[in-house]
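This report examines one protein chain through its overall dimensions and its side-chain contacts. Please consult the sequence and the structure shown below while reading.

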Amino acid sequence: VQGMAKIVALIPARSGSKGVPNKNIRDLGGRSILEWSIAACLRSVLIERTIVSTDSENYATLARKLGAETPFLRPAEISTDSSPDFEFIKHALMWLSEYDQLPEYVVHIRPTTPFRNPELIDDAIRLYMHSQDATALRSVHAMSESAYKTFEVSEDGVLKSVGSNSVTLDIANNARQIFPDTFLANGYVDVLSVDFILKNGLIHGDKVIPFITPVVDEIDTEEDFRWLQYQLSENPELFSILFK
């Protein structure tokens, strides 16, 4: 095994998926969804190892062909629909620590967000490495409409402003400029501290710095998949950035 890698990418790719069957190996523009994420990691200047965490021997074989490592298979009990990210990350770190290969940073790359620029991944890693005492970095994008303009349904069946108990909704008609910007976490890139994870049993913690990316879409449904195919047909550069 190569020398001590300080920055390791972890790509989770379990085989079961209810929303879009086998979505991690679905074809998008002639490449599997998994290949898009592996290619982004391999083109990053800073990522030293790219490891795919999967419960599937088939996915593992595919990942190795695409240039990633699969030093272990993930146990089935932490590869379900409801398994939290913490489980697969902890499993990977426990495996690496047994072989004295613990990195300093984990770059969490979700296959369900295929369109990435490797230069932005490197920007995110640099931002986190140079930050003072941040517990993690998460990629986010601005929501088109502030979350403060959205609603819940109250117990007695009327609309109320989200996060408050106000059922007086006229305030929500104000120009969006008067509301704070709100952001959605996306799957573009998260940068995590191995030291923090091992000490606290958490992956993000309470001082997470934002890395603001362009708006990106994640694959949860067949509609999402068709939308990504359309985006790719309109923006062929999404392909050439990763597969020149």
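The text that follows treats the chain as a whole, then its aromatic contacts, and then its salt bridges.

**Overall architecture**

The model is a predicted one. The protein chain contains seven helices and 10 strands. Its radius of gyration is 19 Å, close to the 18 Å that the globule rule gives for 244 residues, so the chain is as compact as a globular protein of that length. Along the principal axes, the C-alpha trace spans about 60 × 45 × 35 Å. Of the 244 residues, 45% are buried. The accessible surface of the chain amounts to about 12500 Å², and carbon and sulfur atoms contribute 52% of that area. Among contacts with a separation of 6 or more, 73% are between residues 24 or more positions apart.

**Aromatic contacts**

Eight aromatic pairs are found in a search of the whole structure. One of them joins tryptophan 36 to phenylalanine 243 in an edge-to-face arrangement, with 5.2 Å from centre to centre and 85° between the planes. Tryptophan 36 belongs to helix α1 (residues 33-43), whereas phenylalanine 243 is in the segment after α7 (237-242); the pair therefore ties together parts that are 207 residues apart in sequence. Tryptophan 36 and phenylalanine 243 are both buried. These two residues also belong to one aromatic cluster, formed by Trp36, Phe115, Phe239 and Phe243.

Phenylalanine 243 has a further partner: the charged end of arginine 31 sits over its ring, 4.4 Å from the ring centre. A contact of this kind also involves arginine 26, whose charged end sits over the ring of phenylalanine 225 at 4.2 Å from the centre.

**Salt bridges**

Side chains of opposite charge can pair when their charged atoms come close. The search of the whole structure yields 12 salt bridges, including those in the table.

| Salt bridge | N to O distance |
|---|---|
| Arginine 110 and aspartate 190 | 3.2 Å |
| Aspartate 190 and arginine 138 | 3.5 Å |
| Aspartate 195 and lysine 199 | 3.0 Å |

Aspartate 190 takes part in a salt bridge with arginine 110 and in another with arginine 138. Which parts of the chain does the pair of arginine 110 and aspartate 190 tie together? Arginine 110 lies in the loop between β5 (105-108) and α4 (118-129), and aspartate 190 lies in strand β9 (residues 183-193), so the pair links parts that are 80 residues apart in sequence. With arginine 138 in strand β6 (residues 136-142), the pair that this residue makes with aspartate 190 ties together parts that are 52 residues apart in sequence.

How buried or exposed are the residues concerned? Arginine 110 and aspartate 190 are both buried. Aspartate 190 counts as buried because its relative accessibility is 0%. Arginine 138 has a relative accessible area of 26% and is therefore partly exposed. A network of salt bridges links Asp85, Arg110, Arg138 and Asp190.

The salt bridge between aspartate 195 and lysine 199 is set within a single helix. Aspartate 195 and lysine 199 are four residues apart in helix α5 (residues 194-200), so about one helical turn separates them. Aspartate 195 counts as partly exposed because its relative accessibility is 46%, whereas lysine 199, at 63%, counts as exposed.

How values were computed:
Residues numbered from 1 in each chain as written. Predicted model: local features only at pLDDT ≥ 70, side-chain atom pairs only at ≥ 80, totals over all residues. Heavy atoms only, no water. Phe/Tyr/Trp six-rings, centres within 6.5 Å; stacked < 30°, edge-to-face > 60°. Helix = DSSP H or I, 4+ residues; strand = E, 2+ residues; numbered from the N terminus. Buried < 20%, exposed > 50% of the residue type's maximum accessible area, 1.4 Å probe, protein only. Lys NZ or Arg CZ within 6 Å of the ring centre and 35° of its normal. Salt bridge = Lys/Arg side-chain N within 4 Å of Asp/Glu carboxyl O. Rg over C-alpha atoms; globule rule 2.2 N^0.38 Å. Contact = heavy atoms within 4.5 Å. Areas by Shrake-Rupley, 256 points an atom, 1.4 Å probe, with all protein chains shown as cover.
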